[in-house]
Amino acid sequence: MKLLIHAAALASVALGWLLGSDAFASASVRAVTVTLSRDIAANAETGRLFVIVTDRTDQEPRLVTPFTAAYYFNDASMEYAPFFGQDVEALQPGASVRLSGKEQGYPFARLSELPPGEYSIQAVLHRYERVTPAHGKTIWLPMDDWEGTQFHLSPGNFYSDVRRIKIVAGEGFNLSLTLGARIPPVEQPADTKYLKFRKFRSELASRFWGRDMPVGVNVLLPQGYEEHPNRRYPVVFHMGHFMEFTPLRFPTSEPERTTEPAPQGSPRWLWENWSAADTPRVIVVTLLHPTPFYDDSYFVNSANTGPWQDVLMQELLPYINREFRTIDAPWARTMFGGSTGGWISLYTQVTQSESFGGAWIYCPDMVDYRALLNTDMYAEKNYYAPDGYKWLQPERPYSRTVTGGWSVSARQFGQLSRALGNRSRSGEWIDAYAAMFGPVGPDGYPVPLIDWNTGAIDHRVVKTWRDNGFDLRHYLENNWKTVGPKVRGQLFFLCGDMDQFYCNNAMYLLEDFLKTTQNPPYEGSFRYGRPKIGHTFHGLGLDPWPFAMLREMAGHMSKQQPASTDDRQWHYP
């Protein structure tokens, strides 16, 4: 699940805009007309047009929402901007598009539903590119440009100035906006003593897409790496989303010293603990592998998105071993991740166990499709409404608070996905599942699991996902005879008892199976944070995070290494 922000891009544009006329726009109908300026565009553009609204005046509407997860956490501390989306096709420079009732929005379905008030409004055109992937069908997709599937930050997208409008009950409005600016490219961070940033063309992914597809590696080097040029180190992979931030969120420069102890989790605390005597000397790596459908590939080989597990094994791992002084052995490679990264860690350890020596799996995306999105996808007919109720039909919750309160309903999440884009182009995670795990449809786009208009579940699709090996409990249970010996003692699960997205429910089902395993027993662990621990790395028995986890990983690797290996090369004060 996408929980990440491109901090560098936000910082570069945070105050680089001018508010339009302070005079409120008068109107006779409730509509917004958006024109593509001839001064900024040279060719016709196809994509999705967004109109974004906020009652704030101190920031561009497109920058109010730091990440789309704010919409479905629905936390009072996370502010987001309502938005409305509508497809455009071959929009010519100088031409206009009018949003006046066909648009789809969130949390308001239509512009006409905006309540009375004073607002800042801005338009963004999310540009689509015409591509013909290896499956041979030509389609239009929003190709990532190193922003991690963030339409409001994607380089090359057009955006308008900001206008103010006053909406009065019972009255309409007619506002004009001009797409007259373009989002600049994302700049590669500079290397430091500890941090290295690399980006290169993936031959395998580029061949699949028929265009250049970059991948990236962000590296945190251990204390003493420069001072000990003959030593080699284990690698810890942080699996997950487009990891534009530094590994472990390590600071890019030494934070200022203070007389008081640095607060746990602060940049100064991270800096001091990284060089502490009891911190294992390991290389920590995050990987960047965005796709047109999501900000990461899940590292699976997919008919819709390409051979991403092959990219990991044949390109990324060899590159890391060439560029950095790694110990190139399975026992010296562990991984961890939360949410999407938890699923990737489990999947990668299970399917590439000969190459990795252990996975710490935090609150993973649902590992059993009997509890996917709080729904038994094999048995239930509709995602929005649970089965089995005769008279009073409840709405299904999508997310909750750690105290059990309602955050967002399944129907509202469907509305969010529909507003962000059709044909699995929302950039959100269930549409991404359709792309990563499922078949190519007759039109060249992924076949969806859920009809976002009605909530209907396509059981043929979920069975295809399962048969492709992506229901991980099902896969392990049906292949334990061959897989079990390879992952014995390598799987360590951690999850909160009140995970906001009910990920713990699928974990319980997987645990039920793994506890029954014999020949061999799984010999891993399940740890649950209680009470009221949500979708997080913290409070799960490995605090202070991440250093308690790194010490546990180091102990695990030391036990697995060959007797002939001297681990003093990476265990030193």
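**Figure 1. Phe299, in the loop between strand E15 (283-288) and E16, has a backbone twist worth a look**. Phi of Phe299 is near 50°, a positive value although the residue is not glycine. Helices (H or I, at least four residues) and strands (E, at least two) are DSSP runs, numbered from the N terminus. This is a predicted model, where local features need pLDDT of at least 70 and side-chain atom pairs count only at pLDDT 80 or more, while totals for chains, interfaces and linings use all residues. Residues are numbered from 1 along each chain as its sequence is written, and side-chain values use heavy atoms, with hydrogens and water left out. Phe299 counts as buried, at 0% relative accessibility. Here buried means under 20% relative accessible area, exposed over 50%, and partly exposed in between (1.4 Å probe, protein chains only). Thr149 also has a positive phi, about 55°, without being a glycine. Thr149 sits in the loop between strand E8 (139-141) and strand E9 (158-160), and is buried with a relative accessible area of 15%.

**Figure 2. Stepping back: the protein has 13 helices and 23 strands**. Its radius of gyration is 24 Å, close to the 25 Å that the globule rule gives for 573 residues, so the protein is as compact as a globular protein of that length. That radius is taken over C-alpha atoms, and the rule is 2.2 Å times the number of residues to the power 0.38. Along the principal axes, the C-alpha atoms fill a box of roughly 80 × 60 × 50 Å. Of the 573 residues, 59% count as buried. Take the contacts (heavy atoms within 4.5 Å) between residues at least 6 apart in sequence: 74% of them join residues at least 24 apart.

**Figure 3. Trp343 is one of the busy residues of the largest nonpolar core**. That core has 147 residues, and Trp343, Tyr362 and Tyr383 touch the most other members. A nonpolar core is a set of buried Ala, Val, Leu, Ile, Met, Phe, Trp, Tyr and Cys residues joined through side-chain atoms within 4.5 Å. Leaving aside residues up to four places away in sequence, Trp343 touches Tyr298, Val300, Pro364, Asp365, Met366, Val367, Tyr433, Phe437, Phe470 and Leu472. Elsewhere, a second, separate core of 25 residues includes Leu36, Val53, Tyr119 and Ile167.

**Figure 4. Helix H9 (residues 429-437) is tucked inside**. Nine of its nine residues are buried, so H9 is largely enclosed by the rest of the structure. Among the buried residues of H9 are Trp429, Tyr433 and Phe437. The cover over H9 includes strand E16 (301-302), helix H7 (340-351), strand E20 (397-400), helix H8 (410-420) and helix H10 (459-467). Trp429, Tyr433 and Phe437 also belong to a cluster linked by ring pairs, whose members include Tyr294, Trp343, Trp465 and Phe470.

**Figure 5. Edge-to-face rings: picks from the 44 aromatic pairs in the structure**. Tyr194 and Phe250 pair edge-to-face, at 5.5 Å centre to centre and 75° between the planes. Rings of Phe, Tyr and Trp (its six-membered ring) pair if their centres lie within 6.5 Å; planes under 30 degrees apart count as stacked, over 60 as edge-to-face and the rest as tilted. Tyr194 lies in the loop between strand E11 (173-182) and strand E12 (195-201), Phe250 in the loop between strand E14 (235-238) and helix H5 (267-274), 56 residues apart. Both Tyr194 and Phe250 are buried. Trp269 and Phe547 also meet edge-to-face, with 5.3 Å centre to centre and 75° between the planes. Trp269 lies in H5 and Phe547 in helix H13 (residues 547-560), so this pair ties together parts that are 278 residues apart in sequence.

**Figure 6. Thr252 and Ser253 belong to the loop between E14 and H5**. Thr252 is partly exposed, with a relative accessible area of 48%, and Ser253 is partly exposed too, with 47%. Apart from residues up to four places away in sequence, Thr252 touches Thr192, Leu195 and Thr246. The C-alpha atoms of Ser253 and Lys193 are 8.9 Å apart, with their places 60 residues apart along the chain.

**Figure 7. Helix H6 (residues 308-323) bends by about 30° at Leu316**. A proline, Pro318, follows within four residues. The bend is the angle between axes fitted to the seven residues ending at a residue and the seven starting there. Buried residues of H6 include Trp308, Leu312, Leu316 and Ile320.

**Figure 8. Cis peptide bonds lead into Pro107 and Pro520**. The bond from Tyr106 to Pro107 has omega near 0°, and Pro107 lies in the loop between strand E5 (104-106) and strand E6 (117-127). From Asn519 to Pro520, omega is near 5°; Pro520 is in the loop between helix H12 (503-514) and strand E23 (525-529).
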